[in-house]
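Here are some short exercises to work through with the structure open beside you. Try each task before you read its solution.

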Amino acid sequence: MASLISWLDANTAETARLREIARMFETPDSIDDLALGQFRDTISNALFPGTSVLHVAARYLLLVPWCYQTASSARSPEGILRDAKAAEKQLIRRFHELNAKRFIGSTAGDGVAQLPSVAYWSALKKWGIVREDVERNAIGDATVEHAAAQRDGISERPVWHAGLPPAPEGFPRTEARGIELNRAEAEWIRDRILATVPNAMLAQLAAKPQYILKSNNRPWTDPAAQSAVGEAAVWLKHAEAFSALQHGLEALYAFLVTTELRRQLGEEPEDDDAAALNGWLADSVAQDVILMWNVEEFIELVRAANPRIQLGNIAFLTSTLDQVRSGTDPLINMMLHSMIRAREKRAKGANSRFLNKRRLHNWTAPTQVGVQTFRWTQVRNMMVDLREGLARA
């Protein structure tokens, strides 16, 4: 176990990925009982590359680099990592003093399990803020090597983007604005996104964040996202259709588990058992989107974007889609029920609720099944941060 923890500490990308998975289990729209995560992540990365459900505020794209830059005076790689960690913790304490809103460590303080650099490192690399070959655990070595190259007159790309706005004097002790961007900071972050992922939905939103609706919960109903063009618009169309189908499959899964639990307990079914499924069936927009979905185009896009997509996942998606489109009521479609049960058993093995009595009897039927929105909450908050920053003098 100790060796596993050490490996995770050293592997920034894997640590962030695992923490993101853990975070997703906290939100109803991200529970993945049917193991459709490969599709979810591929769509999310195509629409919003570099983003994560761990993201909190856009200004961390500056705050994290500043913590490492203030630590660069240390003479050793280990010293840089140590001082940067201390700066991140001091920043958390400073945010508490300021009564800042929406920041990492707002509840746990500087003892938070995940420092901001873990959550944001992939974004820093993707958007060219830190050199793409530098992992978080190797930033100390990269900083020392770059300093040595400069002393020797050797040309080498800087570790941090040359245009990175400078940290305030005395940072992080003197930090005064929390997560609020000023205009120059917002412009710089916007320009980084436009320069590095110009064709993605994320860039089209960053170019006109003033159109983002602050309270909108789904990208396909937001005016800014709806105005996207090119491949971004195509991905958005498929995102809506996939989300609609997954919503129905998850609602049916909840109904089947509840039905199995009542059977084992000798209880009679109740009207509310199928409430989530009936709500999905009554959503005429979602049903129309599913009927009109060009799933062949979607599979082609997904396989091009993620060659590691499993053929079994594709087969499950297309076969359940055929059943949903068949016209047979999902409540009595035995073929669809069989597919759902088999999928969950294959995904969870001995932990399947259809096989494991303990897990089944611990089941609590959800009052609602969340809709998959592909990190939209985090992206929307980031765009609102940019909009507000661009509006400041």
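**Exercise 1.** Is Arg82 buried or exposed? Work out the class, then look for its charged partner.

*Solution.* Before starting, note that this is a predicted model, in which local features need pLDDT of at least 70, side-chain atom pairs count only at pLDDT 80 or more, and totals for chains, interfaces and linings use all residues. Residues are numbered from 1 along each chain as its sequence is written, and side-chain values use heavy atoms, with hydrogens and water left out.

Step 1: Take the classes: buried is under 20% relative accessible area, exposed is over 50%, and partly exposed lies in between (1.4 Å probe, protein chains only). Arg82 has 54% relative accessibility, so this residue counts as exposed.

Step 2: Side chains of opposite charge can pair when their charged atoms come close. The rule for a salt bridge is a side-chain nitrogen of Lys or Arg within 4 Å of a carboxyl oxygen of Asp or Glu. Arg82 meets Asp83 in such a bridge, at 3.1 Å from N to O.

Step 3: Check the partner. Asp83 is partly exposed, with a relative accessible area of 28%.

**Exercise 2.** Which residue forms a salt bridge with Glu132? Place both residues along the chain.

*Solution.* Step 1: The partner is Arg157, and the closest N and O atoms are 3.0 Å apart. This pair links distant parts of the chain, 25 residues apart: Glu132 is in the loop between helix H6 (116–126) and helix H7 (139–151), and Arg157 is in the loop between H7 and helix H8 (183–196). Helices (H or I, at least four residues) are DSSP runs, numbered from the N terminus.

Step 2: Glu132 is partly exposed at 47% relative accessibility, and Arg157 is partly exposed at 49%.

Step 3: List the neighbours, where contact means heavy atoms within 4.5 Å. Leaving aside residues up to four places away in sequence, Glu132 touches Lys125 and Arg157.

Step 4: Set this pair in the wider count, which comes to 25 salt bridges. Asp33, Glu344, Lys348 and Arg353 are linked in a network of them.

**Exercise 3.** Why is helix H4 described as largely enclosed by the rest of the structure?

*Solution.* Step 1: Count the buried positions. H4 covers residues 60–70, and nine of its 11 residues are buried, so the helix is largely enclosed.

Step 2: Name some of them. The buried residues include Leu61, Leu63, Trp66 and Cys67.

Step 3: Find what they pack against. The buried residues of H4 pack against helix H5 (77–98), H6, H7, H8 and H18.

**Exercise 4.** Which residues line the largest cavity?

*Solution.* Step 1: The lining is made of Thr51, His55, Val56, Ala57, Ala58, Leu61, Tyr120, Gln378, Asn381 and Met382. Helix H18 (residues 376–390) gives the most to this lining, with three residues.

Step 2: Sort the lining by type. Six residues are nonpolar, four are polar and none is charged; here Ala, Val, Leu, Ile, Met, Phe, Trp, Tyr, Cys and Pro count as nonpolar, Asp, Glu, Lys and Arg as charged, and the others, Gly among them, as polar.

**Exercise 5.** What is the mean pLDDT of the protein?

*Solution.* Step 1: pLDDT is the predictor's confidence in each residue, from 0 to 100. The mean is 91, and 92% of the residues reach 70 or more.

Step 2: Look for weaker stretches. Residues 1–10 have a pLDDT below 50, and this stretch has six contacts beyond near neighbours in sequence.

Methods. Helix = DSSP H or I, 4+ residues; strand = E, 2+ residues; numbered from the N terminus. 1 Å grid on protein atoms, 1.4 Å probe; cavity = no way out; pocket = protein on both sides within 12 Å on 5 of 7 lines; lining within 4 Å.
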